[in-house]
Amino acid sequence: MKALEISQITFSYNPSANKSAGDSEYALRNFSMRVDSGRIHALLGPNGAGKTTLMRIITGVLRGYSGDVSILGSKMPDPKALLSIAYAPQAISLYTTLTARENLRFFGAMANLSDQQITERSEAVLAQTGLTDHAGEPVATYSGGMQRRLNLAVALLHSPQLLLLDEPTVGVDPQSRLNIYETLLTLNAAGMTILLSTHIMEEAARLCSSVTLADRGKVIYDGFMSEIDNLEKFFLEKTGRGLRDE
Amino acid sequence: MNLRKLKELIKKEMLILLRDKQTILLLFLMPVALIFFITLALKGVYTDKIYERKIPLVIENESKLPKANLLEEKIQSNKLIERVKRPQGMDNDRIFEDGKAQALVIIPKGFDEGQKPVEIYFDPVLDTGYKIAVRSLMTSLTVEVVMGIDNLDAVVANLIVEKTKSNKAFPSPLQHTVPAYAIFAMFFIAIPMSIGFLKEKNDGTLQRLFTYPVNPNLVALGKIIPYYIINVVQFLLMMLVGVYLAPYIVGSSFHLGEHPWHLIPVTLIVAAATTGFGVLVAALARTSEQSSTLAATGAILMGVFGGIMVPYFVMPVVMKKLALISPMYWAHQAYLDVFLRDASFSFILPKLAVLTFFALACFYVAGRKVKWI
């Protein structure tokens with residue numbers, strides 16, 4: 001079964017862009033990819049490839065695209081399907097004056113969890129990310145690694161079937177990174193599908209079994225990680241060595 | 001509407017707001033401090049403008065004869081006059097320059113004989129109204145002495161009757177500042193409101209929120225309601241300060257008027273206007289710097305034009321006309337209707353209609369301009 005199916009997505013941040021406009025007008029152009037259930041799938045690409053735009057489209061935050069997005073068989077936008085996915089953005093998207101528990105309580109309520117479910121799941125994800133001892137402290141007092149782990153914990157709160165991660169280990173120490181890797185592998189072993197967007201090739205090679213490589217809004221490779229010997233070399237061969245200041 | 005989600009959105013916003021000490025200082029302590037300082041500062045202006053003030057006056061009786069003595073006695077016992085002594089060796093110019101007196105009356109030798117007139121000198125910068133008042137007083141008292149009349153007012157009582165109504169136009173300094181700076185602070189809610197919105201937009205929490213099945217209108221309500229509540233609490237607090245605390249500090253009392261329950265609709269509509277302004281700033285600003293500049297400048301300009309900083313009744317005609325463009329003017333006048341004029345609700349209603357229109361216009365423009373992501 002396909003956890004995620006993207007078909008011919010075209011999107012521009014410029015609402016007046018028309019079909020005949022150049023590729024540079026589009027963040028995504030005829031973008032298609034699939035993620036099989038139960039996989040950790042890497043979404044790779046240099047800056048400006050369209051990875052974050054794609055994440056925003058999948059999560060229903062961005063509208064106004066052409067093409068189709070299906071999540072676990074439900075065509076988006078579908079509010080019910082939103083509850084089967086979770087998104088941990090690249091930025092630490094937490095309320096820093098609130099405590100970890102208060103953040104979890106808030107996002108749990110937004111995910112339609114009952115009070116009891118929020119309490120139980122909060123303790124579970126806090127334990128999973130090693131934050132139980134600091135759960136009553138304001139997030140502003142957390143280190144970068146702790147904030148990253150809480151960012152992930154919030155995404156895991158409502159037990160999604162498909163987890164979208166946008167650079168989940170940026171700016172964290174090796175210990176926190178290891179905790180995040182172990183958490184992701186455990187979740188995947190339990191059946192969760194994960195779409196991982198990252199610039200760290202070692203991370204993608206270590207965690208993912210399939211990969212989509214994108215550049216300038218288009219898919220340039222879609223296949224299995226086992227088919228690639230050296231991911232970094234492969235990445236540079238496909239996307240070039242020129243700087244991407246976009 | 002999902003009330004549970006709305007409750008959590010409100011709770012989250014309240015927690016963020018109440019944990020921000022700077023915001024609390026801005027919204028609650030700033031207006032209290034302004035009420036006290038401005039009330040004390042305005043007391044002088046109000047005393048000059050509205051209330052009777054005693055004129056410090058030097059009387060020099062060079063005659064010492066019966067009529068001169070009687071005139072001296074009548075002048076110094078008048079309630080408009082505060083008799084002061086000329087300091088040793090100080091000439092007339094110096095007396096005025098040093099502010100020792102504002103007028104000087106000399107009853108010369110030969111007054112009793114009708115040979116010399118009473119001389120009056122005024123401080124050149126004394127308000128014309130006071131000059132006229134003192135001159136009229138001197139004329140009346142001199143006529144009484146010269147003509148042998150005991151009380152000129154009693155003689156003309158059948159000819160002139162004063163029928164001035166009680167003061168309904170000029171608030172006391174405290175009556176002005178309590179609603180004025182409560183309104184001013186209520187409009188300042190635009191700063192934390194817009195900064196909070198932009199922060200959520202920029203740090204990605206708003207984007208994350210929209211990955212859940214949450215309606216944007218619910219999110220908007222969850223942002224507006226807490227600030228609306230804070231606005232009402234701000235006003236209540238200012239009322240408590242005005243009624244219970246201010247009398248001990250500024251020495252005058254604050255009255256809620258004959259119909260204090262009119263404060264409920266007035267405050268609810270003023271709070272809608274102030275929250276509307278906050279929503280508008282949040283929707284128009286693109287950065288925190290823009291939002292604080294826009295909100296603070298907007299509030300200060302509305303305060304300047306709206307009779308908050310400079311009381312409406314001392315404004316020149318042009319400024320009084322300009323005041324009509326400021327929602328703060330309508331809010332302040334609505335409160336003065338309650339506190340000062342004991343107005344009926346139908347009298348206040350047009351002002352509330354203007355404020356409602358302002359609030360709706362703000363919400364409409366904000367709704368058109370807002371970019372959630």
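**Exercise 1. A charged pair across the interface**

Which side chain of chain A meets the side chain of B:Arg19 in a salt bridge? Place that pair among the charged and polar links between the two chains.

*Solution.* Keep in mind that this is a predicted model.
- Step 1: Start at B:Arg19 and look across to chain A; the partner is A:Glu102, at 2.7 Å from N to O.
- Step 2: Check the cut-off: a salt bridge needs the nitrogen within 4 Å of a carboxyl oxygen, and the pair at 2.7 Å qualifies.
- Step 3: Widen the view to the whole interface, where the count between chain A and chain B is 3 salt bridges.
- Step 4: Add the polar contacts; 12 residue pairs are found across the interface of chain A and chain B, with both residues at pLDDT 80 or more.

**Exercise 2. The side of chain A that touches chain B**

Describe the extent and make-up of this contact, then find the element that gives the most to it.

*Solution.*
- Step 1: Count the participants: 34 residues come from chain A and 24 residues from chain B.
- Step 2: Turn to area. About 2,500 Å² is buried between the chains, and carbon and sulfur atoms give 58% of it.
- Step 3: On the chain A side, A:Val61, A:Tyr95 and A:Met110 lose the most area to chain B, together 25% of what that side buries.
- Step 4: List the elements of chain A that each supply at least two residues: α2 (79-82), β6 (85-88), α3 (100-110), α4 (115-128) and α5 (144-156). Of these, α3(A) gives the most, with 6 residues.
- Step 5: Sort by residue type, which yields 21 nonpolar, 9 polar and 4 charged residues on this side of chain A.

**Exercise 3. A threonine in a helix**

Is B:Thr274 buried or exposed? Work out its surroundings too.

*Solution.*
- Step 1: Locate B:Thr274 in helix α11 (residues 263-284) of chain B.
- Step 2: Read its relative accessible area, which is 0%, so B:Thr274 is buried.
- Step 3: Follow the side chain of B:Thr274 to the backbone oxygen of B:Ala271, at 2.9 Å.
- Step 4: Leaving out residues up to four places away in sequence, B:Thr274 touches B:Met186, B:Phe187, B:Ile189 and B:Asn231.

**Exercise 4. An enclosed helix**

Why is helix α1 (residues 51-58) of chain A described as largely enclosed by the rest of the structure?

*Solution.*
- Step 1: Tally burial along α1(A): 7 of its 8 residues are buried, so the helix is largely enclosed.
- Step 2: Name the buried ones: A:Lys51, A:Thr53, A:Leu54, A:Met55, A:Arg56, A:Ile57 and A:Ile58.
- Step 3: Look just past α1(A), where A:Gly60 takes a positive phi of about 85 degrees.

Note on methods:
Residues are numbered from 1 along each chain as its sequence is written. Chains are lettered from A and ligands numbered from 1 in the order in which they are written. This is a predicted model: local features need pLDDT of at least 70, side-chain atom pairs count only at pLDDT 80 or more; totals for chains, interfaces and linings use all residues. Side-chain values use heavy atoms; hydrogens and water are left out. Buried area is the accessible area (1.4 Å probe) that two parts lose on being put together, summed over both. A polar contact is a pair of N or O atoms within 3.5 Å; within protein, one must be able to donate a hydrogen and the other to accept it, and residues adjacent in sequence count only if both atoms are side-chain atoms. Helices (H or I, at least four residues) and strands (E, at least two) are DSSP runs, numbered from the N terminus. Ala, Val, Leu, Ile, Met, Phe, Trp, Tyr, Cys and Pro count as nonpolar, Asp, Glu, Lys and Arg as charged, and the others, Gly among them, as polar. Buried means under 20% relative accessible area, exposed over 50%, partly exposed in between (1.4 Å probe, protein chains only). Contact means heavy atoms within 4.5 Å.
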